[in-house]
Amino acid sequence: MNINHYTVEQIKDPTGILSGLRYEFFLSLEVDEDDELYSEAGISLRVLFYKDEQVSRVLNYHFQTGTGEILDFALEEDEESEILQFCSEHAASAE
């Protein structure tokens with residue numbers, strides 16, 4: 001699984017009561033044709049990411065095909081670590 005392209009947007013808290021920062025990432029993925037995630041329409045991963053001064057974590061994610069179909073798959077532990085690292089490094093570009 002390789003990340004081809006991404007977009008990130010900081011999610012604003014209009015009430016100001018939530019601590020930390022939240023981001024929404026859309027990651028365009030390249031997967032092998034023999035992978036069960038493969039779709040001719042393409043595959044993306046929507047990630048909700050949280051960051052404050054002490055901790056960063058993935059709050060939620062889901063896979064989506066290029067046609068909008070939501071897929072019920074989970075990331076493997078090493079893939080989730082890779083996504084966490086990617087989001088941590090790229091969250092600042094949304095600020």
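## Confidence

Which element of the protein chain has the lowest mean pLDDT, and which has the highest? Strand β5, residues 70–71, has the lowest, at 90. Strand β3 has the highest, at 95. This is a predicted model, and the mean pLDDT of the protein chain is 90. Of its residues, 99% reach 70 or more.

## Overall layout

The protein chain has one helix and five strands. Along the sequence, the pattern reads β-β-β-β-β-α. The C-alpha atoms fill a box of roughly 45 × 25 × 20 Å along the principal axes.

The protein chain has 95 residues, and buried residues make up 28% of them. Now take the contacts with a separation of 6 or more. Residues 24 or more positions apart account for 48% of these.

## The sheet

The five strands form an open sheet. Their order is β1-β2-β3-β4-β5, and the pairing is antiparallel. Strands β1 (2–11) and β5 sit at the edges, and each pairs on one side only. Helix α1 packs on this sheet. It touches β1, β2, β3 and β4, and its direction makes about 110° with that of β4.

Start at β1. Nine bridges join β1 to β2, and the two run antiparallel. Two facing pairs can be picked out here. Tyr-6 stands opposite Leu-27 in β2. Val-8 stands opposite Phe-25 in β2.

Move on to β2 and β3. They pair over nine bridges, again in the antiparallel sense. Phe-25 appears here too, standing opposite Val-47 in β3.

Next come β3 and β4. Nine bridges join these antiparallel strands. A hairpin connects β3 to β4 through four residues. Leu-48 stands opposite Asn-60 in β4.

## The nonpolar core

How many residues does the largest nonpolar core have? It has 20. Those with the most contacts inside it are Phe-25, Leu-27, Leu-45, Val-47, Tyr-61, Phe-63 and Ile-83. Several elements contribute. Strands β2 (21–30), β3 (43–51) and β4 (56–65) each supply at least two residues of the core, and so does helix α1 (77–90). The general background is simple: in soluble globular proteins, nonpolar side chains tend to be buried together.

What does Ile-83 contact, leaving aside its neighbours within four places in sequence? Its partners are Met-1, Ile-3, Leu-27, Leu-45, Val-47, Val-58 and Leu-75. Three of these names, Leu-27, Leu-45 and Val-47, are also listed among the core residues with the most contacts.

## The salt bridge

The structure holds one salt bridge. It links Glu-24 with Arg-46, and the closest N and O atoms are 2.7 Å apart. Glu-24 lies in strand β2 and Arg-46 in strand β3, so the pair ties together parts that are 22 residues apart in sequence. As a general point, side chains of opposite charge can pair when their charged atoms come close.

Are the two partners buried or partly exposed? Glu-24 is buried, because its relative accessible area of 18% is under the 20% cut-off. Arg-46 is partly exposed, with a relative accessible area of 24%.

## A residue in β3

Lys-51 lies in strand β3. Its relative accessible area is 22%, so Lys-51 counts as partly exposed. How far is Lys-51 from Phe-25, C-alpha to C-alpha? The two are 13 Å apart in space and 26 residues apart in sequence.

## Picture to keep

Picture an open sheet of five strands, with helix α1 packed on it. The largest nonpolar core draws on β2, β3, β4 and α1. Glu-24 and Arg-46 form a salt bridge, which joins a residue of β2 to a residue of β3.

Notes. Residues are numbered from 1 along each chain as its sequence is written. This is a predicted model: local features need pLDDT of at least 70, side-chain atom pairs count only at pLDDT 80 or more; totals for chains, interfaces and linings use all residues. Side-chain values use heavy atoms; hydrogens and water are left out. A nonpolar core is a set of buried Ala, Val, Leu, Ile, Met, Phe, Trp, Tyr and Cys residues joined through side-chain atoms within 4.5 Å. Buried means under 20% relative accessible area, exposed over 50%, partly exposed in between (1.4 Å probe, protein chains only). Contact means heavy atoms within 4.5 Å. pLDDT is the predictor's confidence in each residue, from 0 to 100. Two strands pair if DSSP finds at least two bridges between them. Axes are lines fitted to C-alpha atoms, for helices over the stretch in contact, and angles run from 0 to 180 degrees between N-to-C directions. A salt bridge is a side-chain nitrogen of Lys or Arg within 4 Å of a carboxyl oxygen of Asp or Glu.
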